[in-house]
Amino acid sequence: MELIEIAQLVTGIATLIVASVLIWQMFIQKRTLDIAHRDADSSISLDAISHRANLNMWFSDKCDQEFIDKLNNGLDSLNNKDKEIITTWLMPSITILNTEYRLGRLDRSPFYYKASIRRFLRYKAFQEIFPSMPFMKPGTALHPNLVSLIKEVYLDISGKKFELS
């Protein structure tokens, strides 16, 4: 065997060793990224739950029986302050839900998102104001699949279809 052949053999073996090490490092990096993804998902979930809980506590502080009766009767029974309260609760609540959906929280489980939407639409006043909310306008940042779920739940609850205007 000549020197050049030995050099090529050594170079080939060294290349295989380097390639093997790089593949091994890729597997380690993938495991690390999987762990980081789970941690990020947990963090997002906890933040969303925390923000939603704070919003719900704020809203429940505003709700007495008189206010709930007004919500059940519809928008016509609400004064401007009452309308401001429900829009102040709805806007960030939908933003949180949209962010969760966009980031794929709970693998975009229709059950979770429909249950959340039902909560937004449980009162007649919410059903009446919901289609006119700024986030329901075309070209907003709402995920199209979330808009479809909203329309579906809205139809189920109110018996009415609404189109984005």
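This passage describes helix packing, aromatic pairs and selected residue environments in a predicted model.

Two packed helices are described by the angle between their axes and the distance between the axes. In the model, helix α2 (residues 65-73) packs against α3 at an angle of about 80°, and their axes are 12 Å apart. This angle makes α2 roughly perpendicular to α3. On the α2 side the participants are F67, K70 and L71, which meet D82, I85 and I86 in α3. Sorted by class, the contact of α2 with α3 comprises 4 nonpolar and 2 charged residues, with no polar ones.

Helix α3 also packs against helix α6 (residues 144-158), where the axes come within 9 Å and cross at roughly 125°. The helices α3 and α6 are therefore oblique to each other, and their crossing is right-handed. Residues L97, N98 and Y101 of α3 make this contact with N145, L146 and L149 of α6. By class, 4 nonpolar and 2 polar residues take part in the contact of α3 with α6, and no charged residues are present.

Aromatic residues were examined next. A search of the whole structure yields 8 aromatic pairs. A pair of aromatic rings is described by the distance of the centres and the angle of the planes. For Y101 and Y113, the ring centres lie 4.9 Å apart and the planes stand at 80°; the pair is therefore edge-to-face, as the angle is over 60 degrees. Because Y101 belongs to helix α3 (residues 80-102) and Y113 to helix α4 (residues 110-120), this pair ties together parts that are 12 residues apart in sequence. Both Y101 and Y113 are buried. Y101 thus appears both in this pair and in the contact of α3 with α6. In addition, F59, F67, W89, F120, Y123 and F126 form one aromatic cluster. Of the cluster members, F67 also takes part in the meeting of α2 with α3, and F120 is one of the buried residues of α4.

Helix α4 was then considered with respect to burial. Its buried residues are Y112, Y113, K114, S116, I117 and F120. The elements covering the buried residues of α4 include α1, α3, α5 (124-129) and α6. Among these buried positions is K114, a residue of helix α4. K114 counts as buried because its relative accessibility is 18%, and the cut-off for burial is under 20%. When neighbours within four places in sequence are left aside, K114 is in contact with L149, E152 and V153. One of these residues, L149, is also listed for α6 in its contact with α3.

A further buried residue, Q127, is found in helix α5. Its relative accessibility is 15%, so Q127 counts as buried. Leaving aside neighbours within four places in sequence, Q127 is in contact with L121, R122, Y154, I157 and S158.

Finally, I44 has its place in helix α1 (residues 3-62). With a relative accessible area of 31%, I44 is partly exposed. The C-alpha atoms of I44 and R105 are separated by 8.1 Å, although the two residues are 61 residues apart along the chain.

Key. Residues numbered from 1 in each chain as written. Predicted model: local features only at pLDDT ≥ 70, side-chain atom pairs only at ≥ 80, totals over all residues. Heavy atoms only, no water. Phe/Tyr/Trp six-rings, centres within 6.5 Å; stacked < 30°, edge-to-face > 60°. Helix = DSSP H or I, 4+ residues; strand = E, 2+ residues; numbered from the N terminus. Buried < 20%, exposed > 50% of the residue type's maximum accessible area, 1.4 Å probe, protein only. Axes fitted to C-alpha atoms, helices over the stretch in contact; angles between N-to-C directions. Parallel < 35°, antiparallel > 145°, perpendicular 65-115°, else oblique. Left-handed = near helix turned anticlockwise from the far one by under 90°. Contact = heavy atoms within 4.5 Å. Nonpolar A, V, L, I, M, F, W, Y, C, P; charged D, E, K, R; others polar.
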